Amino acid sequence: PGLPDALRENLLERFEDEPVRIREVFASADGTEKYLFDLADGNLIEGVLMRYKYGNTQCVSTQVGCAMGCAFCASTLEGCVRNLTSGEMLGQIVAVNRRLQGAGERLKNAVLMGSGEPLANYENTVKFLRLLREYGMSLRGVSLSTCGLTERMRALAQEDLPVTLCVSLHAPNDEIRRRIMPIARKYAMDDVIDACREFIARTGRRVIFEYALIENVNCSLACADELAARLRGLMCHVNLIPLNPVKERALRAPSLQEQNAFLHRLEQKKISVTRRRALGSEIEGACGQLRRARLSEEKKD
């Protein structure tokens, strides 16, 4: 409103006015919503809205697909198509916020835990975080997840961006980690933990370690003991994640009894730990599943 028609047309010729559009919405009984987004070039990405008592939180994608190759993830099955721009990352937030505001709600938090490795798209991710702050969202309500790109973790620590760093650890040692996370062949756990120490020292913020519990892989009490020993003395919290099954993968979550035993063992070892509440299971809440299903359908057509 208020812009001359000639200027408006000129801007539309040079810029994309709606870089991200909601194509489909899938709602869960627990209030979780999953979105399939259209990008201007025809690519698809997805995101998730999670409703918590401390505020609505959106899961944001940073790449189309992912190149990290983690054995338990659907996002990586077709590799990484391309990086998202900072505008496309912010566009996901804007699109969902518009939808929420129509119902008298708004987004309070964001987690960069959708498709892609945020630190592999470092410049766009950092620019997005600065844009997000201009948009009015506090970066203290933003969590950034990485599988452990240590040099980028150290760079992020110097950016003066008060986000919460979440590190996908998923194993108590290098041997197990390399079996399920190819990136671990390049970045040893000791280096990842050292980068976390530097982040904590520079920012004063604790690090969250994400740990997907996988049956017969990383959920024994011996694994819990080894993990506790490695993290002792670190200002951190462990977020246990019962594995969300992906049909193309043979990996499964352990029983609830095994999950509880692992959690209680860490508590006994004085490690701060919680288990993530499962949200959106009936709408394929895990990253990459919806996009992959739609791409498969389109190939058949």
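Student: How far is the sulfur of cysteine 73 from the closest cysteine sulfur, and why no bond?

Tutor: That sulfur sits 6.2 Å from the one in cysteine 66, so the two are too far apart for a bond. A disulfide here is a pair of cysteine sulfur atoms within 2.5 Å.

Student: And what about cysteine 80?

Tutor: Cysteine 80 is in no disulfide either: its nearest cysteine sulfur, again that of cysteine 66, is 6.8 Å away. By this rule the count is zero disulfides.

Student: What am I looking at, and what got filtered?

Tutor: This is a predicted model, where local features need pLDDT of at least 70 and side-chain atom pairs count only at pLDDT 80 or more, while totals for chains, interfaces and linings use all residues. Residues are numbered from 1 along each chain as its sequence is written, and side-chain values use heavy atoms, with hydrogens and water left out.

Student: Ok, helices. How do α2 and α3 cross?

Tutor: The axes of α2 and α3 (residues 122-135) come within 8 Å and cross at roughly 35°. Axes are lines fitted to C-alpha atoms, for helices over the stretch in contact, with angles from 0 to 180 degrees between N-to-C directions. Helices are DSSP runs of H or I, at least four residues, and strands are E runs of at least two, numbered from the N terminus.

Student: Which residues meet there?

Tutor: From α2, Ser86, Met89, Leu90, Ile93, Val94 and Asn97; from α3, Asn124, Thr125, Lys127, Phe128, Leu131, Leu132 and Tyr135. Contact means heavy atoms within 4.5 Å.

Student: Glutamate 88 is in α2 too. Buried or exposed?

Tutor: Glutamate 88 counts as buried, because its relative accessibility is 8%. The cut-offs are under 20% relative accessible area for buried, over 50% for exposed and partly exposed in between, using a 1.4 Å probe and protein chains only.

Student: What does glutamate 88 touch?

Tutor: Leaving out neighbours within four places in sequence, glutamate 88 is in contact with Pro19, Val20, Leu39, Arg82 and Asn83.

Student: Switching to backbone: what's phi at histidine 170?

Tutor: Near 65°, a positive value in a residue other than glycine. Most residues other than glycine have a negative phi. Histidine 170 lies in the loop between β9 (164-168) and α5 (174-180), and is buried at 4% relative accessible area.

Student: And lysine 270, buried or exposed?

Tutor: Lysine 270 is exposed, at 75%. Its phi is also positive, near 65°, and its loop runs between α8 (256-268) and β12 (273-275).
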